[in-house]
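Work through the exercises below with the sequence and the coordinates at hand. Each task is followed by a solution in steps.

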Amino acid sequence: MFNKVNSHPFLIAGPCSAETREQVLQTALQLKQLQNEGRLTVDLFRAGVWKPRTRPGAFEGNGIVALPWLREVKQATGFKTTIEVANGHQVYEALKHGVDVLWIGARSTVNPFSVQEIADALRGVDVPVLVKNPVNPDLDLWVGAIERIQNAGVSQIGAIHRGFSAYAKSNFRNAPYWEIPIELRRRMPDLPLICDNSHICGNRKDLREIAQQALDLNYDGLMTEVHPTPDEAWSDAKQQITPAEYSDLLSQLIVRRETTDNPEFLENIEHLRHKIDELDLEMLNLLARRMRVSEDIARYKLRNNIAILQTSRWNEVLEKGFEQGRQRGLQDEFIEKFLSAVHQESIAHQHMVMQTKAG
Ligand code: PEP
Ligand code: MN
């Protein structure tokens, strides 16, 4: 159900929290009005009823009293609804009140006990479930949560990428680490993937760019927080946008095709990919040659009884690498990862030389 259809991303929109009956209905009716004008389609209306807040004292959701408001949204607009659930009791109440889709929040995905409790409550129900990534950048925890829900017999599951916490200051509220959802895609190619651009950004100005990046990575859909008066929102005020702003944002997005059967395109891409394959092979040959030199160094160090690692030399390699990389348009982050991997392999080769000689 969460798949992109005819290059239309699956769209989930609605406020961070269900604050009052009026606010929930007003958001939904404004979205419905835009939908009637042909400016967007809402596939799923979201609202948080139980809110996991980092620190006590913040608005933690209205709980059960908010559930009938979502039923009213459904009656007034025809939108299907989704809320976050964090335990078996919340699953039971959500289903009792006719919520169509449940989502597991980032703070629950980290905890296998919570996920298992939710999975057990879902056994035999087969309601669609969306699983947000865990707060920490751990792909196995994300996959594990999805597997627990699958094992409960849930057949329609999607993953939501909402970014990952980091201690370091960053422009993002939650760093995207795109490589993690890309690897999830590789491991679970049929699993629909949705980008929660609101919780990645934590602000309004970057929402479009992150949504576009997700679409360019062939995501199936977007989850975006929409509020009639975002500045007055009781939670996540900084990142919410009005329904009209949401519709503008959507109109600026470009949905590209995954592939084509145009023979000219296929021939040209094949040619370019062949070049890439040749360059990759050249790089491997160079790396192999580099390791042979490292082994020579190891033999020489061994004869002179010198240790493998000289930290000052490693710093020098890195510094030089950053500078030369920059001159060639390569980012520091990449240079660090690349040279660290090369250095580790080089140390492993030197260990092998020293062990063989010593033994
Ligand atoms: C939310 O969607 O409002 C929410 C609490 O999300 P997350 O679990 O990603 O923090
Ligand atoms: Mn939120």
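**Exercise 1. The sheet**

In what order do the eight strands close into a barrel, and is the pairing parallel or antiparallel?

Solution. The model is a predicted one. Start with the inventory: the protein chain has 13 helices and eight strands. The barrel follows the order E1-E2-E3-E4-E5-E6-E7-E8, with parallel pairing. From one strand to the next, the twist averages 25°. As a sample of the pairing, take strand E4 (residues 101–104) and strand E5 (residues 129–132), which run parallel and are joined by three bridges. Within this pair, Leu102 has Val129 of E5 as its bridge partner.

**Exercise 2. Helices on the sheet**

Find which strands helix H1 and helix H10 touch or lie across, and give the angles.

Solution. Step one: helix H1 (residues 21–36) packs on the sheet and touches strand E1 (10–14) and strand E2 (44–46). The direction of H1 makes about 150° with that of E2. Step two: helix H10 (residues 243–252) lies across E1 and E8. The angle of H10 to E1 is about 160°.

**Exercise 3. The buried face of H7**

Identify the buried residues of H7, decide how they are arranged around the helix, and state what covers them.

Solution. Step one: the buried residues of H7 are Ile180, Pro181 and Leu184. Step two: viewed down the axis of H7, these residues fall within an arc of 95°, so they line one face of the helix. Step three: the cover over them includes H6, E6 and strand E7 (193–196). Step four: take Leu184 alone. Leaving aside residues up to four places away in sequence, Leu184 touches Leu139, Trp142, Val143, Ile146, Ala159, Leu191 and Leu193.

**Exercise 4. Nonpolar cores**

How many residues does the largest nonpolar core have, and which have the most contacts inside it?

Solution. The largest nonpolar core has 67 residues, and Trp142, Ile149 and Leu184 have the most contacts inside it. Helix H6 (residues 139–151) supplies the largest share of this core, six residues. Another core lies apart from it and has 10 residues, including Val101, Trp103, Ile160 and Met223. For the chain as a whole, buried residues make up 46% of the 359 residues.

**Exercise 5. Aromatic pairs**

Count the aromatic pairs, then classify the pair Trp178–Tyr219 and the pair Phe334–Phe338.

Solution. Step one: the count is six aromatic pairs, taking ring centres within 6.5 Å. Step two: the ring centres of Trp178 and Tyr219 are 5.9 Å apart and the planes stand at 75°, so this pair is edge-to-face. The pair links distant parts of the chain, 41 residues apart: Trp178 is in the loop between strand E6 (157–161) and helix H7 (179–187), and Tyr219 is in the loop between helix H9 (207–216) and strand E8 (221–225). Both Trp178 and Tyr219 are buried.

Step three: Phe334 and Phe338 form a stacked pair, with 5.7 Å centre to centre and 15° between the planes. The two residues, Phe334 and Phe338, are four residues apart in helix H13 (residues 332–358), so about one helical turn separates them. Step four: compare accessibility with the cut-offs, where partly exposed runs between 20% and 50%. Phe334 has a relative accessible area of 44% and is therefore partly exposed. Phe338, at 34% relative accessibility, also counts as partly exposed.

Note on methods:
Residues are numbered from 1 along each chain as its sequence is written. Chains are lettered from A and ligands numbered from 1 in the order in which they are written. This is a predicted model: local features need pLDDT of at least 70, side-chain atom pairs count only at pLDDT 80 or more; totals for chains, interfaces and linings use all residues. Side-chain values use heavy atoms; hydrogens and water are left out. Rings of Phe, Tyr and Trp (its six-membered ring) pair if their centres lie within 6.5 Å; planes under 30 degrees apart count as stacked, over 60 as edge-to-face and the rest as tilted. Buried means under 20% relative accessible area, exposed over 50%, partly exposed in between (1.4 Å probe, protein chains only). A nonpolar core is a set of buried Ala, Val, Leu, Ile, Met, Phe, Trp, Tyr and Cys residues joined through side-chain atoms within 4.5 Å. Contact means heavy atoms within 4.5 Å. Two strands pair if DSSP finds at least two bridges between them. Axes are lines fitted to C-alpha atoms, for helices over the stretch in contact, and angles run from 0 to 180 degrees between N-to-C directions. The arc is that of the directions from the helix axis to the C-beta atoms.
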